[in-house]
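Q: Please take one part of this model and go through it closely, strand by strand and helix by helix, and then place it in the rest of the chain. I would like a connected account rather than a list.

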Amino acid sequence: MDPALDRLLDKLGLNLLLFAKVALIVALAFILERIIRILLKRGYLRSDQGNEDRTRYRFLRNATRFIVGLVATAAIIYTIPSFRHVAVTLFAGAGILVAIIGLAAQGAFSNIISGVFIVSFKPFRVGDALMVSGHVGVVEDITLRHTVIVTGENRRVIIPNSKISDETIVNSTVVDQAICEYVEVSIAYATDAREAMKVLREVCMAHKDHLDRRTPEEKAKNEPIVQVRLIALGDSGLLLRAYVWAKDALTARMMHYDLNLAIKERFDREGIEIPFPHRTVVHKYEGGTPPAPGHEAGA
């Protein structure tokens, strides 16, 4: 052995036998972690590979690395007498230090427990479309510490598991991936509302991604595939809303963008006015005749 390495090991209280034990522990931990990951992957490949299976597989894969690493670290500390003595001193004799370490690790353990709850109770899964804390995206991964969400801009939003567990989550795909998209547009009060509703329905039904989600009863009554309702008498115009179904959240969003353009073009051709806010300014003068334009005071 190199004399320099030998002196370093002597300073650390290690000898060749201890060094071999440490190397063996590291090697066994690495092999054990690889074997467990291979078994997990085989189990995942034999499953339906749905969102729940993918969530469970990724979480257990991440947990395996953490747990095996933790056990290996504890085994190495226990194997080396000098390290073991320090560890016993810290955990048995220095109560304040242990309390400090406990407080510092509180957040980490909270995230781990929250991650276990997320995987167990499944409020969301890998691949689900979520809106949480103002962020909208698809769940990419769930680790022991955090959840990764990919937004529409391909950014990764990393949210600690303990925080996401306390938030109100809007899950668009947990039971049914289909989305009823609200397509709203205002028309002027002078416009024939029924004609505008008919045109809006035609535009929405012409889109290739809309779905027919009518019940058998609604089909028997010959209800339209896309319902359009007048939902508000606004300050500037009448607010119409079309209820258009799409197969998932992403398709619904893209369909909405297409419909915005299609509705504008069709309304322009049909002469249907889309209003904008108007402001009427009234000048009131106490006594006398209002000054002519261009002759106001100070002009």
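A: Two strands are taken to pair if DSSP finds at least two bridges between them. With that rule, and bearing in mind that this is a predicted model, the part chosen here is an open sheet of three strands in the order 6-8-7, with antiparallel pairing. Strand 6 and strand 7 (227-233) are its edges, and because each has a single partner strand, one side of each is left without a neighbour in the sheet. On average, neighbouring strands of this sheet are turned by 30° against each other, if direction is ignored.

Two helices pack on this sheet. Helix 8 touches strand 6, strand 7 and strand 8, and its direction makes about 25° with that of strand 8. Helix 10 touches strand 6 and strand 8, with its direction at about 25° to that of strand 6.

The pairing itself can be followed residue by residue. Strand 6 (residues 179-187) and strand 8 (residues 238-246) are joined in the antiparallel sense by nine bridges. Along this pairing, tyrosine 182 stands opposite tyrosine 243 in strand 8, and valine 185 stands opposite leucine 240 in strand 8. Those two positions of strand 6 belong to its two faces: Val185 is on the covered face, together with Ile179, Glu181, Val183 and Ile187, whereas Tyr182 is on the uncovered face, which also holds Cys180, Glu184 and Ser186.

Strand 8 is also paired with strand 7, again in the antiparallel sense, over six bridges. One facing pair there consists of two arginines, since arginine 229 has arginine 241 in strand 8 as its bridge partner. The connection between strand 7 and strand 8 is a hairpin that passes through four residues.

The two helices that pack on the sheet also pack against each other. Helix 8 (residues 193-205) and helix 10 (residues 249-270) meet at an angle of about 140°, with their axes 10 Å apart. Only angles over 145 degrees count as roughly antiparallel, and the two helices are therefore described as oblique to each other. Their crossing is right-handed. From helix 8 the contact takes in Ala196, Val199, Leu200, Glu202, Val203 and Cys204, which meet Leu259, Ala262, Ile263, Arg266, Phe267 and Glu270 of helix 10. The spacing in such lists has a general background: an α-helix has 3.6 residues a turn, so residues three or four places apart point the same way.

To place this part in the rest of the chain, it helps to set it beside the other sheet. That one is an open sheet of five strands with the order 4-3-2-1-5, also with antiparallel pairing. Its edges are strand 4 (156-160) and strand 5 (170-171), each with a single partner strand, so one side of each lacks a neighbour in the sheet. Strand 1 (residues 129-132) pairs with strand 5 in the antiparallel sense over two bridges, and four bridges join strand 1 to strand 2 (residues 135-142), which also run antiparallel. Leucine 130 takes part on both sides: its bridge partner in strand 5 is asparagine 171, and its bridge partner in strand 2 is glycine 137. Glycine 137, in turn, stands opposite threonine 151 in strand 3. Strand 2 and strand 3 (residues 146-151) run antiparallel and are joined by five bridges. Hairpins make the connections here as well: strand 1 and strand 2 have two residues between them, and serine 133 in that turn has a positive phi of about 55°, while the hairpin from strand 2 to strand 3 goes through three residues.

Away from both sheets' strands, helix 2 (residues 16-46) has 31 residues and reaches 45 Å from its first C-alpha to its last, close to the 45 Å expected at 1.5 Å a residue. Its buried residues are Leu18, Val22, Ile25, Ala29, Glu33, Arg37 and Tyr44.

For the protein taken whole, there are ten helices and eight strands, and 32% of the 299 residues count as buried. Among contacts with a separation of 6 or more, 63% are between residues 24 or more positions apart.

Technical notes. Residues are numbered from 1 along each chain as its sequence is written. This is a predicted model: local features need pLDDT of at least 70, side-chain atom pairs count only at pLDDT 80 or more; totals for chains, interfaces and linings use all residues. Side-chain values use heavy atoms; hydrogens and water are left out. The expected span of a helix is 1.5 Å times one less than its number of residues. Buried means under 20% relative accessible area, exposed over 50%, partly exposed in between (1.4 Å probe, protein chains only). Axes are lines fitted to C-alpha atoms, for helices over the stretch in contact, and angles run from 0 to 180 degrees between N-to-C directions. Angles under 35 degrees count as roughly parallel, over 145 as roughly antiparallel, 65 to 115 as roughly perpendicular and the rest as oblique. A crossing is left-handed if the near helix is turned anticlockwise from the far one by less than a right angle, and right-handed if clockwise. Contact means heavy atoms within 4.5 Å.
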